[in-house]
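Colleague: I'm new to this model and would love a close look at one part of it. Could you start there and then walk me through whatever else is worth seeing?

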Amino acid sequence: MNELKKDAYSYSRKKFEEYFLEKNQAKFRATQLFEALYRGRISEFTQINNIKKEIIGELEEEFTLPKLKMVIKNVASDGTTKFLFALKDGALIETVLMCHEYGYSVCVTSQVGCNMGCAFCASGTIKRIRNLEPSEMVLQVLEIDNYLRLEEKRVSHVVIMGIGEPFDNYENVVEFIKIINDARGLEIGARHITVSTCGIVPKIYEFAELDLQVNLAVSLHFANDQKRNEYMKINKKYNLESLISALKVYYAKTNRRITFEYILLKGINDSLDDAKELVNLVRDLNCYVNLIPYNETDGKFMRTDEKTRNQFFDYLIKNRINAIVRKEHGHDIDAACGQLRVKTMKENE
Ligand code: SAH
C-alpha cells in the first residue's frame, strides 16, 4: 500500500471540496463522492458511476478506502455488542453498540490508550500510544452501521465515550463529528452526538466557539477539589472553579444543556454530604446529572449499593437537580470501558 495515500474517511465534505477545487473540478464532486462513500458504501472508487473515469483514476492514486479488522465480537443478552477492532498498525480498540428504545448508539474510542490517569478507569491503565485519525473513528461507526444494515437498522446516536480523552485529540474528533453529522453522509444528527470529557478546560472554550449543537458530557465524579485531585489528575491542572466557569460560557454560547457524569463509588463519593456538595456546585447551571453504577474492574473501587444510590438520587431531585440513574448495558460481557481490550492484551502477553 502506498503510504502517501490519504484515507478517504478522514475527509469532511468541505475538505473534499477544497481537493476538487484545487484540481479545477466542480465543488459538487465532493457531494457525489461523499454520497458514494456513506450512502452507496462503495468499497472501491471504480464503483462510482457518476464521476468521470479520469477523476476516479486520480482518486484511486491518492486515496485509500480502508476497513477495520474485527478481532472479537461479543453479544450480551440485552443486545449490547462489543467489538474489538484492529487498526492498520495492529493497535486494538473497543467499540460498543447499545440498543435503546430510541435507537442504536455507538460508543466510539478516540485514542489508543489514555493519558488522563483517572484512578477508577480501566482505560487509563494503558497509556496513550497515539491519537485516532478521523477515519478510524468514522470507520467504527460505519462498520457497525454496515452490521446493523443487514437487519435494516441504522446507527442513530454516537457517544464519544470509549477509550481515550476526546479533547486530548481535539482536531481529529471535531473533524470526525463533522463527517458523521453531514447530511449527505451518515447523517447522525448533532443532537444525537455526545462528546464526553474529563474536563480539559481550554478545549471546552474552543468547542463552544464551534457551536456544533452536539451534547457535551463532563465526567465530574467528584464535587470538591480535594477528592477530585485525588482520583482525577486532570483536576490538578483545571480545578472545579475553572471547569464550571468554562461550562457557563459554553452554555451561554450554545444554549445546550450540559450533562454531568457521576460514577457512584462506594464510600468515596456517595454520601449525602457529597450529594450536597454536588448540588451546590451545579445548581446555577442548566444541566442534568447522570448517576452511573460503577463497573468494578480490579477490585480497588466498589459500586454503591442500591439503597445509598437511591438516597443520593432523591437528594438531587429534592433539590431540583435533573438527575437520572444510567441504565446498564451488557453487564455480562465486560462492557466497561477498556475491559475487553485490557483482557485481550493480557491474554496475549
Ligand atoms: N475521557 C472521557 C471519555 C471516556 S470515559 C471522559 O473522561 O469523559 C467515559 C466515561 O466512563 C467517563 O465518565 C468515565 O469516568 C467513565 N468510566 C470509566 N471507568 C468506568 C467504570 N469502571 N465504570 C463506570 N464508568 C466508568
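What is the relative accessible area of L65, and does that make L65 buried or exposed?

Modeller: L65 is buried, because its relative accessible area is 18% and buried means under 20%, with exposed over 50% and partly exposed in between (1.4 Å probe, protein chains only). Before we go on, keep in mind that this is a predicted model, where local features need pLDDT of at least 70 and side-chain atom pairs count only at pLDDT 80 or more, while totals for chains, interfaces and linings use all residues. Residues are numbered from 1 along each chain as its sequence is written, and side-chain values use heavy atoms, leaving out hydrogens and water.

So where is L65? Look in the loop between strand 2 (63-64) and strand 3 (69-75); helices (H or I, at least four residues) and strands (E, at least two) are DSSP runs, numbered from the N terminus. L65 also has a partner from another stretch of chain: S43 is 22 residues away in sequence, yet the C-alpha atoms of L65 and S43 are 6.6 Å apart in space.

Let's stay with loops for a moment. R41 belongs to the loop between helix 2 (28-38) and helix 3 (53-62). Its phi is near 55°, a positive value in a residue other than glycine. With 17% relative accessibility, R41 counts as buried. E187 has a positive phi too, near 60°, and again this is a residue other than glycine. You'll find E187 in the loop between helix 5 (170-181) and strand 10, and at a relative accessible area of 45% E187 is partly exposed.

Now over to strand 4, which covers residues 81-86 and includes F85. F85 counts as buried because its relative accessibility is 1%. Count 12 residues along the sequence from F85 and you can get to K73, with 8.9 Å between the two C-alpha atoms. T81 sits in strand 4 as well, and T81 is buried at 2% relative accessible area. The T81 side chain reaches the backbone oxygen of G79 at 2.9 Å.

For an exposed spot, try E209 in helix 6 (residues 201-210), which has a relative accessible area of 54%. K253 is 44 residues from E209 along the chain, and their C-alpha atoms are separated by 7.3 Å.

Next, the ligand. There are 19 residues around it, and E165, S196, S219, H221 and N295 come nearest; "near" here means having a heavy atom within 4 Å. By class, that shell has nine nonpolar, eight polar and two charged residues.

Some atom pairs are worth picking out. A polar side-chain atom of S219 lies 2.5 Å from an oxygen atom of the ligand. A nitrogen atom of the ligand is 3.0 Å from a polar side-chain atom of E165, and a polar backbone atom of G164 is 3.0 Å from a ligand nitrogen. On its own the ligand has 530 Å² of accessible area (Shrake-Rupley method, 1.4 Å probe), and the protein covers 95% of that. Strand 10 (193-197) and strand 12 (258-264) are the elements that give two or more residues to the shell.

Strand 12 is also where T259 sits. T259 is buried, with a relative accessible area of 10%. Along the chain, T259 and N290 are 31 residues apart, but their C-alpha atoms are separated by 6.9 Å.

Last stop: empty space inside. Searching the whole structure turns up one cavity of 30 Å³ or more; a cavity is a set of points on a 1 Å grid over the protein atoms alone where a 1.4 Å probe fits but cannot get out, and lining residues have an atom within 4 Å of a point. The largest cavity holds about 40 Å³ of space. Its lining is made up of F222, A223, N224, K227, Y262, N269, D274 and E277. Sorted by class, the lining has three nonpolar, two polar and three charged residues.

Key. Polar contact = N/O pair within 3.5 Å; in protein donor to acceptor, adjacent residues only side chain to side chain. Nonpolar A, V, L, I, M, F, W, Y, C, P; charged D, E, K, R; others polar. 1 Å grid on protein atoms, 1.4 Å probe; cavity = no way out; pocket = protein on both sides within 12 Å on 5 of 7 lines; lining within 4 Å. Points joined across faces, edges and corners; volume = space filled by probe spheres on them.
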